[in-house]
Amino acid sequence: MSKVSDLLDNHGRPPLCQHVESSDLKKLLNWHLVEKADRSDILLELQRTSFPKPETWQQLLTLWTYLEPAITGYRRQVHADDLRILPVQAQELLYAPTQAVRLGGKKLLHSQDDWKFLSSYLAVLNQNWLRYLTEQRRHSLENDDESLKEATAQADSVLAALDMDRPSQPGDLINRVSAEFFSRDVCIEKCVRLAQIAAKLRANIDDSFRYMTEDMELRSANSTLLFDSDGGLKELLCESLRESQLLHSAYSECFQSCSQEEWMQWVKSGNSGVRTFVPLEESISSAGSRQDIEKKLRDREYEGSLESSRYTNPSFLIEDWDFRKPDWDYWESQEQVNPEIWCSIAERILLEPTPYWRDMSSAQIFELASNGHKRCLRNIEVIPLWASRLRDKKCLRDTQGNPHKPGELLRRTVDTRPFLDVEPFVNGDLDCEATLALLELLGVQSTPSGPARLMERLRALAGFENPPSHEVEKLYERLDQMVNSCSSEDFQAVQEAFQTDKLILSQNGTWEKVLGVSLMANEEDVPDAEVIRTSVKELMLWRKVGVSDRPTLERAIKWLDALPDESPSRPDELRRVKSMLSRYPDRVWNQCGRWINLAGGWVGTENLTYSMSMQSLFSWEHLHPWVKYATADLKGMQSEVARSEPFSHLIPLATKVEERFQEPPNHSDDDLNADWLTAIGNELCRVEFDAEHETQRIRDLAERLANTRLCNVPMIDIMPFIDGKPAGTSRQTDVHWTDRMLYVTNMSKGKQARRLPEEIAKAFACEDVKAALHYGFERDIERIRQYISENFKLCPSSTVRPKFEEEPVQGDASVHKTPSKEPSIAQSQNTDIPDIDDSDADQRWQDGEEEMRKVPRSQKKPARAALIDLFATLRGFSREGKDRYMYEDGSWIARTGGDRFPWERRSVDGVLVRSYHLRNHCLETDPMQIDADIWDIMERYPDRYALVLLSSDKRPIEITGADLWTMQEAGTVKLHPAAYRLVYSEKRK
């Protein structure tokens with residue numbers, strides 16, 4: 001008691017004995033011999049002074065029960081926060097609630113060292129006092145001690161009044177520590193430790209908390225403070241703000257008092273006052289008129305309309321949100337150096353917690369009157385300036401990592417699922433529920449615009465012959481999903497695309513339109529019809545766009561009619577067309593009005609003049625394009641059909657092509673045995689057919705055959721003509737029947753038995769005659785007559801003028817005359833050479849002709865192989881095989897098989913160096929005639945093509961096209977026309 005009196009009385013007076021009667025006590029007070037210290041005086045002193053902690057917990061309990069009515073009563077006499085009655089750990093004095101905190105029973109920190117670190121800046125309610133109260137409460141219940149129950153209840157009431165009935169909030173702990181902590185000199189290590197303890201406790205800090213930035217300055221969370229979690233934020237800050245806004249790197253180097261995850265959660269929660277990206281700031285702009293504000297709204301992609309103004313001639317104000325100007329300026333300055341800087345910015349915004357941008361997701365428009373009145377236009381939602389700017393930047397990556405503008409990307413929704421792997425989608429890491437609103441704010445699409453992009457992708461794949469089938473099938477599946485819900489306009493566009501473009505990949509890998517494909521095959525009616533791929537055959541898309549279940553003749557005819565005119569068909573398409581032509585020739589000819597020609601083109605029937613069938617088949621690949629274009633391909637048809645309407649008016653090509661010698665061959669005077677030909681010809685002169693014109697045609701050919709001579713030649717080089725016009729390039733053959741001569745190269749009897757009847761039968765174009773020719777090869781005349789009489793209808797021999805074999809006159813130029821070295825075009829075409837106004841050239845040509853006529857018949861023309869052999873040898877080439885010469889560096893000269901430039905020289909890499917046309921002719925001594933096509937190609941490619949001629953000393957020389965033009969310009973050689981062709985200029989009917 002003496003200690004208490006010392007604390008309450010400054011004069012050191014002893015306390016009055018407690019056993020004094022109350023009546024006596026009253027007298028003493030009235031006599032002013034003693035002073036009474038009541039509860040209010042004690043409360044006042046406890047607010048001003050920190051008394052020592054009582055020696056026992058029982059004494060402290062007595063004090064609390066004494067003060068309880070004044071603290072918790074209806075009429076409180078004191079503020080409980082100011083009473084210094086709390087015992088704290090490791091302290092002998094009592095503290096006020098504002099000076100101490102209560103910790104919970106759970107171990108919230110990693111180590112006891114962290115508590116010790118805090119305790120040096122914090123007074124903590126003594127846990128033993130709380131345990132004592134708990135024990136007393138239990139004793140009162142066990143012993144049914146009413147007075148003890150009342151005392152513990154009063155103590156609980158005091159704890160509640162002091163706000164100590166539950167553990168203090170972590171933020172309160174840290175804030176109380178920070179007030180004391182940052183009032184001292186601190187180092188970076190202690191600042192980091194306190195911040196990590198705050199993160200561990202998830203404390204919501206106040207303005208008293210400080211962070212140390214890169215410039216080693218302590219700054220409050222009220223200022224802009226940024227934490228760079230991955231080191232990339234530093235690159236997005238201008239240099240003037242990096243040092244003052246970025247937390248010191250020590251905050252992210254080592255985590256001891258909390259884990260890295262706990263630290264990031266605390267930072268992103270907003271309780272730390274630190275941001276992970278630069279903040280948005282309010283931006284205010286104005287518009288002086290209604291037109292100005294409408295233009296600004298259109299720039300923000302606002303499609304609505306402004307409501308009618310309540311004010312006369314109002315102005316407008318936009319309360320907006322945007323990044324700081326130094327940040328924007330820095331980002332745009334770095335755009336050229338780092339094009340993906342906008343992706344980094346957008347990704348950091350998307351990773352920020354929603355509160356970062358939620359209240360800044362729209363701008364507000366205010367209408368201002370001239371008198372100062374202001375009204376908010378609340379029915380207008382306008383995207384903020386920062387989002388509008390990002391919409392124009394390639395700031396979002398797709399699933400492949402490529403940057404795009406937000407409006408070019410799609411989110412993953414039910415509507416956009418058909419476009420997966422077709423359209424660009426926003427990166428999956430950024431496409432989640434948390435970022436949904438922000439992605440829409442930036443302009444990412446949640447619904448597809450329509451099937452146009454799918455069709456565009458399909459058209460791109462249709463341009464390849466061997467597209468990736470899985471990609472095409474995936475597009476079909478996406479379209480099948482889309483047409484179920486797309487608009488009628490979009491579906492009509494899809495339907496028209498499949499009907500007009502080849503967008504359907506068939507089972508055989510060809511691209512077809514709707515008419516050219518079906519779900520199942522029908523070989524009986526429509527052969528070789530294309531079908532839908534098995535893997536996608538069940539899609540409803542096909543029936544919706546008009547694909548039939550089975551091919552029908554009517555659809556096949558429509559498909560044929562829809563093929564483009566005069567265009568060479570693909571091999572697979574050509575096969576299908578020919579199958580239809582062979583199955584339904586009359587119907588295709590009459591309904592489609594078109595047919596396949598020898599060039600593989602689908603042309604109008606009015607453009608077809610000739611025909612080529614199996615009965616009149618001969619070598620036609622070397623014919624000129626105009627001949628192939630005008631010739632109907634009837635090779636797949638039966639002979640009866642090819643000879644009947646509507647094809648009977650076509651002229652068999654074999655009967656029109658006249659093959660003339662390119663150079664008349666040298667032949668011996670001794671003819672081969674041709675008696676069997678004469679016998680067959682004489683017998684066929686009596687043949688009768690149902691058609692009179694056919695009878696006359698066969699008889700005319702038979703008369704020619706009966707007077708045909710058979711002779712052997714070393715080589716046959718012929719060129720086709722139609723009506724005197726060259727119809728193709730020259731070619732070499734082993735048998736040729738012209739006029740009344742059948743030329744044969746050296747071949748075995750077995751080969752002659754096949755080739756001679758085969759060649760003659762081309763002119764007759766009759767299978768029966770062809771069989772007779774094969775049968776009659778070198779047989780005796782009697783058997784030939786017997787065969788023909790039994791297999792042909794013959795008229796009596798007396799009714800037919802007898803045919804006599806005409807013996808050629810000795811020296812007949814048509815048979816025995818040795819041809820000149822260079823026959824002219826006029827000679828080969830039996831035409832006359834027109835007069836040329838150059839007497840000197842004319843005289844030289846005539847002299848050359850006269851000299852060649854004097855050459856003895858037994859003298860033979862030098863072989864071309866000998867000329868090329870000499871030419872190659874003189875240039876260092878050595879023979880390797882029959883038609884090949886090699887040089888030491890690996891280059892070579894070889895025969896190509898061509899008719900105009902049959903030899904060519906190539907480099908070691910196989911690159912064509914030059915093509916050669918060989919002539920045993922000396923240009924210095926005799927004029928030389930050259931065909932127009934050879935001259936033309938040398939004129940167009942003067943360095944690639946050359947002539948190999950003879951010099952005056954009989955040595956082969958090479959003259960390129962460039963050499964010829966040089967010689968012509970210098971006057972060394974002169975060019976004179978040797979023949980003229982007249983062509984009627986009017987269009988043929």
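Two strands count as paired if DSSP finds at least two bridges between them. In this predicted model, strands E9 (residues 363–368) and E10 (residues 374–382) clear that bar, with five bridges joining them in an antiparallel arrangement. One of the residues involved is Ala363, whose bridge partner in E10 is Val382. The two strands make up a hairpin, with five residues sitting between them. Gly372 is in that turn, and its phi is positive, at about 100°.

Helix H3 (residues 39–48) has a clear buried set: Ile42, Leu43, Glu45 and Leu46. These residues cover an arc of only 165° around the axis, so they end up on the same side of H3.

Next comes a buried arginine. Arg731 lies in strand E26 (residues 731–733). Its relative accessible area is 14%, and because the cut-off for buried is under 20%, Arg731 counts as buried. The Arg731 side chain has polar company, though: a contact of 2.8 Å joins it to the side chain of Glu659, and another, of 3.3 Å, joins it to the side chain of His622.

Finally, a pair of helices. Two packed helices are described by the angle between their axes and the distance between the axes. For H31 (residues 767–776) and H32 (residues 781–791), the axes come within 10 Å and cross at roughly 160°. Angles over 145 degrees count as roughly antiparallel, so that is how H31 and H32 run relative to each other. As for handedness, H31 passes H32 in a right-handed crossing.

Conventions. Residues are numbered from 1 along each chain as its sequence is written. This is a predicted model: local features need pLDDT of at least 70, side-chain atom pairs count only at pLDDT 80 or more; totals for chains, interfaces and linings use all residues. Side-chain values use heavy atoms; hydrogens and water are left out. Helices (H or I, at least four residues) and strands (E, at least two) are DSSP runs, numbered from the N terminus. Buried means under 20% relative accessible area, exposed over 50%, partly exposed in between (1.4 Å probe, protein chains only). The arc is that of the directions from the helix axis to the C-beta atoms. A polar contact is a pair of N or O atoms within 3.5 Å; within protein, one must be able to donate a hydrogen and the other to accept it, and residues adjacent in sequence count only if both atoms are side-chain atoms. Axes are lines fitted to C-alpha atoms, for helices over the stretch in contact, and angles run from 0 to 180 degrees between N-to-C directions. Angles under 35 degrees count as roughly parallel, over 145 as roughly antiparallel, 65 to 115 as roughly perpendicular and the rest as oblique. A crossing is left-handed if the near helix is turned anticlockwise from the far one by less than a right angle, and right-handed if clockwise.
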